[in-house]
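Trainee: I'd like to go through this structure with you and ask how each label is earned. Can we take the labels one at a time?

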Amino acid sequence: MTEDRTKLQWGRLAATIRAAREALGLSQAALGEQAGVSEGTIQNLESGKPKSRMPQSLSKVEPPLGWASGSAVAVLKGGEPVPLPGRDTSASAPTGQAELSRKFPLRVVAELESDDPLLDSAVIELPGLGGARMTVVVHGQPNATPEEIQEALLAWRRAERKLRLPDDD
């Protein structure tokens, strides 16, 4: 007899994934990228909706979250995720605004924690400074239409090209 997967604790798994992702300072898109799945897949896992079959993506999100194989199923059954051997994520990962505010100005923390939709991000090498770089996080307007999002992305692409141009000085 097969297990009724709709009886598993999908809401608990969703909350555990979300908490682990946020503790690592990852957006849904960033976790998806690290796991090799789409942002929509992460959103689906974090929705907590019961599933009739076990998603293949569960095993893909475990390593980027710092979990050993099988941890997601353990959470579904009421247990806890098992950390990857030799990986202590608690000391190195940001744990919220208090940790972030020790590392960044409050205006940067406010942007990083914004609920506005994340459109893109980039790390851009600064020319002539021996590996110095800047990080750009691009947020869109809440409740933007698809056309407004497209317009914002095009504006970002134009700005990004300018930022990446070689320094003529």
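Trainee: What makes glutamate 46 buried rather than exposed?

Mentor: Set the number against the cut-offs: buried means under 20% relative accessible area, exposed over 50%, and partly exposed in between, with a 1.4 Å probe and protein chains only. Glutamate 46 has a relative accessible area of 5%, so it is buried. Before we go on, this is a predicted model, so local features need pLDDT of at least 70 and side-chain atom pairs count only at pLDDT 80 or more, while totals for chains, interfaces and linings use all residues. Residues are numbered from 1 along each chain as its sequence is written, and side-chain values use heavy atoms, with hydrogens and water left out.

Trainee: Why is the contact between glutamate 46 and arginine 18 called a salt bridge?

Mentor: The rule asks for a side-chain nitrogen of Lys or Arg within 4 Å of a carboxyl oxygen of Asp or Glu. Here the closest N and O atoms are 3.8 Å apart, and the pair passes. Glutamate 46 sits in the loop between helix 3 (39-45) and helix 4 (57-65), arginine 18 in helix 1, 28 residues apart. Helices here are DSSP runs of H or I with at least four residues, strands are runs of E with at least two, and both are numbered from the N terminus. Arginine 18 is at 30% relative accessibility, so this partner counts as partly exposed. Both residues also belong to a salt-bridge network with Arg21 and Glu22.

Trainee: How many salt bridges does the rule give?

Mentor: Six. Another one joins the side chains of arginine 12 and glutamate 80, at 2.8 Å from N to O. That pair links distant parts of the chain, since arginine 12 is in helix 1 (residues 10-23) and glutamate 80 is in the loop between helix 5 (71-76) and helix 6 (89-92), 68 residues apart.

Trainee: What makes glutamate 80 exposed?

Mentor: Its relative accessibility is 54%, so it counts as exposed. Arginine 12, at 26%, counts as partly exposed.

Trainee: How do you know that glutamate 160 and arginine 157 are separated by about one helical turn?

Mentor: They are three residues apart in helix 9 (residues 146-164), which means about one helical turn between them. Their closest N and O atoms are 3.2 Å apart, and that makes a salt bridge. Glutamate 160 is buried at 13%, whereas arginine 157 is partly exposed at 35%.

Trainee: What makes a group of residues a nonpolar core?

Mentor: You need buried Ala, Val, Leu, Ile, Met, Phe, Trp, Tyr and Cys residues joined through side-chain atoms within 4.5 Å. The largest such core has 19 residues, and Leu13, Ile17, Leu65 and Trp67 touch the most other members. Helix 1, helix 2 (28-35), helix 3, helix 4 and helix 5 each supply at least two residues of this core, and helix 1 gives the largest share, four residues. A second, separate core of six residues includes Leu119, Val136, Val138 and Trp156.

Trainee: Which residues of helix 4 are buried?

Mentor: Ser57, Leu58, Val61, Glu62, Pro64 and Leu65. Right after helix 4 comes glycine 66, with a positive phi near 85 degrees.

Trainee: Why does the positive phi of asparagine 143 get a mention?

Mentor: Most residues other than glycine have a negative phi. Asparagine 143 is not a glycine, yet has a positive phi of about 60 degrees. Its place is the loop between strand 2 (133-139) and helix 9, and at 80% relative accessibility it counts as exposed.

Trainee: Where is confidence lowest in the protein chain?

Mentor: In helix 6, with a mean of 42, while helix 3 is highest at 93. These values are pLDDT, the predictor's confidence in each residue, from 0 to 100. Over residues 89-95 pLDDT stays under 50. Where pLDDT is low, the predicted coordinates should not be read in detail. For the protein chain, the mean is 80, and 84% of its residues reach 70 or more.

Trainee: How many helices and strands does the protein chain have?

Mentor: Nine helices and two strands. Their order along the sequence is α-α-α-α-α-α-α-α-β-β-α.

Notes: Contact = heavy atoms within 4.5 Å.
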